[in-house]
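Trainee: I should be grateful for a close look at a single part of this structure, namely the place where the two chains meet. Please set that part in its context as well.

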2 protein chains.
Amino acid sequence: MTGNTPPAATAFRRGNGRTDRPPYDLDAVLEIAVATFNERGYEATSISVLAERLGTSKSALYYHVSGKEELLQRALDRALGELESVLEAAGALDAGAADRLESVLRGAVRVLVAELPFVTLLLRVRGNTDVERDAVRRRREFDHRVSQLVHAAQAEGSLRADLDAGTTSRLLFGMINSIVEWYRPGGALDDEALADATVSVALDGLRAR
Amino acid sequence: MTGNTPPAATAFRRGNGRTDRPPYDLDAVLEIAVATFNERGYEATSISVLAERLGTSKSALYYHVSGKEELLQRALDRALGELESVLEAAGALDAGAADRLESVLRGAVRVLVAELPFVTLLLRVRGNTDVERDAVRRRREFDHRVSQLVHAAQAEGSLRADLDAGTTSRLLFGMINSIVEWYRPGGALDDEALADATVSVALDGLRAR
DNA sequence: GTCTATATACCGATAGAC
DNA sequence: GTCTATCGGTATATAGAC
């Protein structure tokens, strides 16, 4: 279980560069980098092992990216962008707050599954550097807007109001976000069933009726 | 927001050792070490900064502990021990599965709050070293036993059975565990109110009735 | 664009004086 | 028990040949 992933022949092509372009694919690099960050932790991942996994050398990697932090930046931006567009789409709906909230919940589960490694990385960021702090700031902004939606749904009468909106939305997204810890696509539970199960547990609870 | 915590005058007393014993307090060391691990990440925390925060030197710290990993080991053991004793206490109850499960949920929230930094650290461990792998193994064992309890409660008819026990308990503990990300004791919501709110959302859901 | 070699800094850990 | 000094190793990042 040492986790030796084979090098990714698709991201870089070594040699004299006589093969067809492109000799390097940023998306593929990012994918492998993010997978490595998630396995070993961002801080614990060195440029050397990253280059090794990418099937290239440290210097070659530095030629293409400014460093580890640029990879982190791009990865976090991708995850945040997708999540923010879920909020935006829900905001454009001509529906009550409860329906808009449910659409955000389902959308978040879908993004989480579709962008699993990227969102996983996002959820582990603590704010040690400027890049991380900016990601934390955008996450907080997202949480804030969800909380406003919960508040509106409570005012509407469709969500129970004995808990404050902040606590409610934190518990809600705590449950949703935890999905990255165990869900792997391709298992018995498919993406839509997962979204159904999650939203149903959140709204109706676990007690038998 | 660089987060410069002042050195802990209580864990070590510098100088010629002419003060009253003990000149060093393992629990205090552990507390500060764990707080630092949680702030900056375990891997990203060096022995040097640890010693600095403890108000002592690298060598002095090494005199008392074998290294960073011993501190991690002790911290994880504390968190796991508390969680396991919650399961044990619930198992000894003369009650149905649903009541035993509810007691585990409440107990877990209480431990989580009482041992907040230790449980936080536990939940972030990924299994990179032997110490971490052993902690992950114990966590999985805990999850497995919770899942069995959920299964029993479903068989009893007190929990909805349209979701499998594994998914249910993962969502359940996903919500509970996420509390470490935002709850800080001493706020408007006290520990028991938090436990009530969490268990109530889990069992009854958020929809207004 | 990729290579080897290297600069500079910090890491965990230890030796030996006091 | 704590200190200074230092070991060997690895980190990020760059210079310069090809």
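Mentor: The account below begins with one chain, proceeds to the contact between the chains, and ends with two residues viewed individually.

Please bear in mind that the model is predicted. Chain A contains nine helices and zero strands, so that its order from the N terminus onward reads α-α-α-α-α-α-α-α-α, where helices and strands are DSSP runs. Chain A has 209 residues, and 48% of them count as buried. Among the contacts in chain A with a separation of 6 or more, 62% are accounted for by residues 24 or more positions apart. The area that chain A exposes is about 10,400 Å², with carbon and sulfur atoms supplying 49% of it.

We turn now to the part you asked about. Chain B contributes 36 residues to the contact, and chain A contributes 36 residues. Between chain B and chain A, about 3,600 Å² is buried, and carbon and sulfur atoms give 59% of that area. On the side of chain B, the residues that lose the most area to chain A are R160(B), L171(B) and L206(B), which together make up 21% of what that side buries.

Polar groups also take part in this contact. Four salt bridges are counted between chain B and chain A. In a salt bridge between the two chains, the side chain of R207(A) meets that of D204(B), at 2.9 Å from N to O. The count of residue pairs in polar contact between chain B and chain A is 20. On the side of chain B that touches chain A, the elements that give two or more residues are α1 (26-40), α8 (165-177) and α9 (191-204) of chain B.

Next comes the nonpolar interior. In general, nonpolar side chains tend to be buried together in soluble globular proteins. In this model, the largest nonpolar core has 141 residues, and L61(A) and L61(B) are those with the most contacts inside it. Leaving aside residues up to four places away in sequence, L61(A) touches F12(A), V29(A), I47(A), L50(A), A51(A) and L54(A).

Finally, consider a serine of chain B. S147(B) belongs to helix α7 of chain B, which covers residues 130-156. The relative accessible area of S147(B) is 19%, and S147(B) is therefore buried, since buried means under 20%. Again leaving aside residues up to four places away in sequence, S147(B) touches A165(B), G166(B) and S169(B).

Note on methods: Residues are numbered from 1 along each chain as its sequence is written. Chains are lettered from A and ligands numbered from 1 in the order in which they are written. This is a predicted model: local features need pLDDT of at least 70, side-chain atom pairs count only at pLDDT 80 or more; totals for chains, interfaces and linings use all residues. Side-chain values use heavy atoms; hydrogens and water are left out. A nonpolar core is a set of buried Ala, Val, Leu, Ile, Met, Phe, Trp, Tyr and Cys residues joined through side-chain atoms within 4.5 Å. Buried means under 20% relative accessible area, exposed over 50%, partly exposed in between (1.4 Å probe, protein chains only). Contact means heavy atoms within 4.5 Å. Helices (H or I, at least four residues) and strands (E, at least two) are DSSP runs, numbered from the N terminus. Accessible areas come from the Shrake-Rupley method with a 1.4 Å probe; for residues, only the protein chains shown count as cover. Buried area is the accessible area (1.4 Å probe) that two parts lose on being put together, summed over both. A polar contact is a pair of N or O atoms within 3.5 Å; within protein, one must be able to donate a hydrogen and the other to accept it, and residues adjacent in sequence count only if both atoms are side-chain atoms.
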